[in-house]
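Q: I'm new to this one and would like a close look at a single part of it. Could you start there and then walk me outward?

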Amino acid sequence: MKQYKVIVIGAGFSGICMGIKLRQMGIDDFVILEKAQGLGGTWRENTYPGAECDIPSALYSYSFEHNDKWEYKWSGQRQILKYQQDTAAKYRLNDNIQFGTEVKASTFDAQDNRWLVETSQGEQIVAQHLVAGVGQLHHPATPKFAGQDQFRGHQFHSAQWQHDVDLRGKRVAVIGNAASAVQFIPEIARDVAHLTIFQRSANWVIPKVDKPYTRFDQWVSKHFPPITKLYRFGLWLRGEGVVLPAIRGNRLARWILHTWNRRSLKEHISDPELREKLTPAYPVGAKRILFSDNYYPALARENVHLETEPIERFTEHGIRYGKDQQANFDVIIYGTGFKTNPFLAPMHITGLDGQTLHESWREGAHAYFGVATAGFPNLHMLYGPNTNLGHNSIIIMIEAQVAHITRCIQRLDDRSLAAMDIKPEVEASFNQALQQRLGALAFSKVENSWYMDGGKITNNWAGSTQEYRRRLRKIDWQHYNYRPIAN
Ligand code: NAP
């Protein structure tokens, strides 16, 4: 049986960062288990046309690994994946990644204080620390509709794009109109014969004002690190200074975003009825704000129709919707997002006294700063419960979590201890306070979103990235129970 000091699950942004920081603290005894045959996580999986990041790349990249080669302010999927690949290669991580290895189950052995990991390939691996870096958005959610199997055309999810299906000249339906859909709709609208978008709720769309970086921009970025840092700081400040206050209900910040959205709507959509359909009915920031320069212009095209009547059922040749209306399609594309709950599913994780994560999170996932949960010693989570953001780059949160986990590992080593487990009462009071704060934010002003599980906000952090970093850095080590090394 293979043994390591640390097992990291997932080779996306989280797992790569964890590997780099373990190496930098002198730990080479780790493995990153990755179910796919390549690294990159969401940026390897999502290859739909127009896939790009909606956070500027200078911020959606590691603070310690500047890239002066970004071609656009908001980079495309390929360039982001290349950045991940180059970074992993630079820090010699590839030898530590075991590809094609999916974790099926993981059990804490309380006698030896170690995690026993079982893979779908039948392998067993043990480690003192288990770090889950599996992300929140990787299990495509495809809603069920009556008659779905009868449809004779092609149907696929945006995260499983069928590139061999030629959309040129086809009648296409898209279900959903959020972050993924607003990126691929403008790309495919140009080629298809006709496109119908089935919209359930209108979203807040703000212009990106994207443009390619010039050679001069890239030169400055390479040779003047202080300017680059200042630029990154400015991007960060926009999220903290405008979007976060809007989520908190600040009237000025909301007015800025409202005005921006309304102006863009007015500029691109001349039909008042269409404009009305595209006007969101929920507070800005309650769901992810969408950034796009070309979504509204795509909707103004002659061959694009926005349908707001609900889908009733699929038929052999298309979709029946509203009151007995029917449209025929060759292809149906789901831009319907991801199953974000339960966290860490479908892995079966068992902690102390046979308790499973599934049982512990029956009423919605919870954790202490998203990184630890009581009864699961040395299970460290990256991008865990309540650490998603609606206003800034998740890489900031991941870096703070990785720094915290390395401190935990160091602390145990320095004191010759085997494991640490957050005290249940500490986690409970942390979550009580967190939920109270979340209740006052825009996230709570909609009935449903991927930020929630059964009405409880399980995915999002309630404050600024600065607050999160500061509090995690100053964590009280008395908040943990410690387990000695077994004799
Ligand atoms: P999403 O935000 O969950 O949106 C799903 C869309 O499908 C919504 O418009 C939703 O309508 C609709 N929908 C779901 N079920 C439906 C049903 N049964 N009938 C009709 N419509 C239905 O998914 P996403 O667009 O894939 O984005 C998910 C997250 O991925 C984003 O919030 C973002 O964090 C991330 N993402 C990031 C980037 C990036 O640039 N970094 C790009 C893409 C995605 P309702 O709004 O009415 O529920």
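In which loop does Pro346 lie?

A: Happy to. Keep in mind that this is a predicted model. Pro346 lies in the loop between β16 and β17, and β17 covers residues 348-350. The peptide bond leading into Pro346 from Ala345 is cis, with omega near 0°. That loop also holds Pro342, and a cis peptide bond joins Asn341 to Pro342, with omega about 0°. For background, most peptide bonds are trans.

Now follow the loop back to β16, which spans 331-334. This strand is part of what covers the buried residues of helix α4. Others in that cover include β8 (171-175), β9 (194-198), β11 (290-291), α9 (295-299) and β12 (304-307). Helix α4 runs over residues 181-189, and eight of its nine residues are buried, so the rest of the structure largely encloses it. Among those buried residues are Phe184, Ile185, Pro186 and Ile188, along with Ala181, Val182, Gln183 and Ala189.

If you want another buried spot, try Asn378. You'll find Asn378 in the loop between α10 (357-360) and β18 (379-381). Its relative accessible area is 1%, so Asn378 counts as buried, the cut-off being under 20%. Setting aside residues up to four places away in sequence, Asn378 touches Trp115, Gln128, His129, Leu130, Leu412, Ala418, Ala419 and Met420. Asn378 and Gly351 are 27 residues apart in sequence, with 9.8 Å between their C-alpha atoms.

Phe443 is buried as well, with a relative accessible area of 2%. Its place is the loop between α12 (424-439) and β20 (452-453). Leaving out neighbours within four places in sequence, the contacts of Phe443 include Ile247, Gly285, Ala286 and Gly390, and also Leu438, Tyr451, Met452, Ile457, Asn460 and Trp461. Phe443 and Asp149, on the other hand, are 35 Å apart in space from C-alpha to C-alpha, and 294 residues apart in sequence.

Let's turn to backbone angles again, this time phi. Most residues other than glycine have a negative phi. Asn113 has a positive one, near 50°, and sits in the loop between β4 (103-109) and β5 (114-119). Asn113 is buried, at 5% relative accessibility. Asp324 isn't a glycine either, yet its phi is positive at about 60°. This residue lies in the loop between β14 and β15 (325-328), and Asp324 is exposed, with a relative accessible area of 67%.

Next come the charged pairs. Side chains of opposite charge can pair when their charged atoms come close. There are 17 salt bridges in the structure. One of them is between Glu65 and Lys90, with 3.0 Å from N to O. This pair links distant parts of the chain: Glu65 is in the loop between α2 (42-45) and α3 (77-90), Lys90 is in helix α3, and they are 25 residues apart. Glu65 is buried at 9% relative accessibility, whereas Lys90 is exposed at 52%.

Another salt bridge brings together the side chains of Glu316 and Arg152, at 2.8 Å from N to O. Glu316 is in the loop between β13 (311-314) and β14 (318-321), and Arg152 is in the loop between β6 (124-132) and β7 (154-157), so this bridge ties together parts 164 residues apart in sequence. Glu316 is partly exposed, at 35% relative accessible area, and Arg152 is exposed, at 62%.

A third example is Glu467 with Arg437, whose closest N and O atoms are 2.8 Å apart. Here the link is between two helices, with Glu467 in α13 and Arg437 in α12, 30 residues apart. Glu467 is buried at 12% relative accessibility, while Arg437 is partly exposed at 32%. Salt bridges with shared partners also join Glu34, Arg44 and Glu45 into one network.

Finally, the surface. Arg469, Arg470, Arg473 and Lys474 gather there in a patch of positive charge. Lys474 is in the loop between α13 (465-473) and β22 (480-484), and is exposed at 63% relative accessibility. There is a nonpolar patch on the surface too, formed by Phe216, Trp219, Phe224 and Ile227, which together have about 430 Å² of accessible area. Phe216 belongs to helix α5, residues 215-223, and is exposed with a relative accessible area of 55%.

Definitions and conventions. Residues numbered from 1 in each chain as written. Predicted model: local features only at pLDDT ≥ 70, side-chain atom pairs only at ≥ 80, totals over all residues. Heavy atoms only, no water. Helix = DSSP H or I, 4+ residues; strand = E, 2+ residues; numbered from the N terminus. Buried < 20%, exposed > 50% of the residue type's maximum accessible area, 1.4 Å probe, protein only. Contact = heavy atoms within 4.5 Å. Patch = residues over 30% accessible without salt bridge, like charges linked within 9 Å, V, L, I, M, F, W, Y side chains within 5 Å. Areas by Shrake-Rupley, 256 points an atom, 1.4 Å probe, with all protein chains shown as cover. Salt bridge = Lys/Arg side-chain N within 4 Å of Asp/Glu carboxyl O. Lys, Arg positive; Asp, Glu negative; His and termini not counted. Charge placed at Lys NZ, Arg CZ, Asp CG, Glu CD.
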